[in-house]
Amino acid sequence: MSEFTSADHEFMALALRLARRGVYTAHPNPRVGCVIVTSGEVVGDGWHRKTGEAHAEIDALATAGKQASGSTAYVTLEPCSHHGKTPPCVDALIDANVARVVAAMGDPNPSVAGSGFETLRNAGIKVSTGLLQADARKLNEGFVSRLERGRPFTRLKIAASLDGRTTMATGESQWITGEAARRDVQRLRAASGAVMTGIATAIADDPSLNVRDDTIRTDDIQPLRAVLDSKLKMPPSARMLNLPGSTAIFCVDDGNRQALEDAGAEIHVVSGTAGQTDLPSVMRKLAGLKINDVLVEAGPTLAGRLLSAGLVDELVIYQAPHIMGSETRGMVSTPAWLNLEHRQALEIVDVRKLGQDIRITARPAE
C-alpha cells in the first residue's frame with residue numbers, strides 16, 4: 001500500500017507546476033517548487049526564480065509565516081543542507097517547526113545527496129520521498145544529467161522539408177519552417193543553458209543564436225553560445241560576438257585566440273581527433289561551466305557526429321509541408337551506415353502541429 005494519499009499527489013503536482021515557472025530563469029540551478037500545507041489547506045507556496053535568490057522552500061515559508069508550524073512541506077527536490085549562495089533550506093524548515101517533508105526526488109548534487117533528508121530526520125521531521133519522482137526528474141533532466149553523467153542533456157533541433165531536406169544546393173536554408181515553429185525554437189533556446197553550432201554554420205549563416213522573443217526572455221538572460229571551431233576560423237566580426245551574453249568557442253588549435261578574445265569570445269581548448277574537436281571533451285567542458293541543457297542548431301555534419309557518438313538525448317524535428325528535391329542536403333551526415341542494423345532507432349514521444357508545420361519529438365530507443 002502506498003504511503004502517499006491522493007492529497008499528497010495533488011499538492012506535489014502543484015509544487016511541480018510552480019517549479020516549471022523557473023524553466024527559463026533558474027539555470028544553472030534546478031527548477032524547484034514548494035507548497036506548505038496545514039490542515040489540508042495551502043498556506044504558502046514558492047519556487048526558485050534564479051541563482052542567488054531564495055530557494056523554493058524559503059519562498060514558500062515566507063508566505064506561510066507562522067502557519068508553517070506543524071505543516072507538511074511538499075518540495076520537488078531534496079532540500080539543500082549546505083551553504084551556497086543562500087543558507088541551507090533544511091535549517092529554515094527545522095526553524096519553522098515543519099512536521100513533515102514530502103520530496104519528489106533526492107538531490108544528485110554530491111554536496112546534498114541524502115544529507116538533507118538525514119538532517120531533517122535527525123531533527124524529528126518525518127520525511128517521505130519518491131512521490132511523482134519521474135515527473136521531477138524530467139523537469140530537471142539537464143541538471144540530473146550534468147550531475148550524474150558529467151555532461152549536459154543534449155537536444156538536437158532540425159528544421160526540414162517533408163522529404164527530410166535542410167538546405168538547398170545554393171546553401172539557402174532560411175526559412176524552411178513557418179513563424180509558429182520559429183517561435184517554438186525561441187522557447188527551446190530560452191530553456192537551454194547553451195545553444196551549440198559548428199563553425200561551418202557560423203560562417204555560412206552568421207547566426208545570432210540568441211533569444212529574441214521578449215515575451216520569453218526575462219532580465220536579458222541569454223544562453224551561452226557554443227561554437228565548435230577546431231582551428232579558430234570564426235571571424236572576430238561575427239554577429240554573435242556583438243550581442244548581449246557570452247560566446248564560447250571550443251577549439252583544438254588556438255593560434256587565432258587573441259583576436260577572438262579581443263572581440264569578446266571565451267576560448268576553450270579541448271582535445272581533438274583528425275583535426276576535429278573531441279565531442280565528449282566539449283560536453284565535459286560544458287558541464288564544468290554548469291551548463292545543464294544544450295540545444296544544438298547545426299548543419300548535418302555536426303548533427304551526424306553527435307548522433308554517431310551517442311551524445312544526442314532528444315531530437316526536435318520541425319517538418320514543413322513542402323518538397324525540396326534531390327539537389328539538397330539531408331538532416332544528418334553520418335559514417336557509412338550500410339545495413340539496417342546500423343540505423344539509429346528512435347522512440348517518438350510527441351507529435352503536434354505548429355501552424356502549418358509538424359513538430360516531432362523523439363529520443364534514442366533504449
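A residue counts as buried when its relative accessible area is under 20%, as exposed when over 50%, and as partly exposed in between (1.4 Å probe, protein chains only). The model is predicted, so local features need pLDDT of at least 70 and side-chain atom pairs count only at pLDDT 80 or more, while totals for chains, interfaces and linings use all residues. Residues are numbered from 1 along each chain as its sequence is written, and side-chain values use heavy atoms, with hydrogens and water left out.

Salt bridges come first. The criterion is a side-chain nitrogen of Lys or Arg within 4 Å of a carboxyl oxygen of Asp or Glu. Under this rule there are 19 salt bridges. One of them joins arginine 155 to glutamate 314, with an N to O distance of 2.5 Å. This pair links distant parts of the chain, since arginine 155 sits in strand β6 (residues 153-161) and glutamate 314 in strand β15 (residues 314-320), 159 residues apart. Helices (H or I, at least four residues) and strands (E, at least two) are DSSP runs, numbered from the N terminus. Both arginine 155 and glutamate 314 are buried.

Strand β6 takes part in another such link. Lysine 157 forms a salt bridge with glutamate 297, their closest N and O atoms lying 3.6 Å apart. Glutamate 297 belongs to the loop between β14 (293-296) and α11 (300-308) and lysine 157 to strand β6, so the salt bridge ties together parts that are 140 residues apart in sequence. Glutamate 297 has a relative accessible area of 10% and is therefore buried. Lysine 157, at 17%, is buried as well.

A local case is found in helix α7 (residues 179-190), which holds both arginine 182 and glutamate 179, three residues apart, or about one turn of the helix. Their side chains meet in a salt bridge at 3.1 Å, N to O. Arginine 182 counts as partly exposed because its relative accessibility is 22%; glutamate 179 is partly exposed at 44%. Elsewhere, salt bridges with shared partners join Asp184, Arg187, Asp350, Arg352 and Arg359 into one network.

The packing of helix α4 (residues 115-122) is a separate matter. Its buried residues are Gly116, Phe117 and Leu120. These cover an arc of only 100 degrees around the axis (taken from the directions from the helix axis to the C-beta atoms), so they lie on the same side of α4. The buried residues of α4 pack against α3 (89-95), β4 (100-103) and β5 (126-129), where contact means heavy atoms within 4.5 Å. Just after α4, glycine 124 adopts a positive phi of about 90 degrees.
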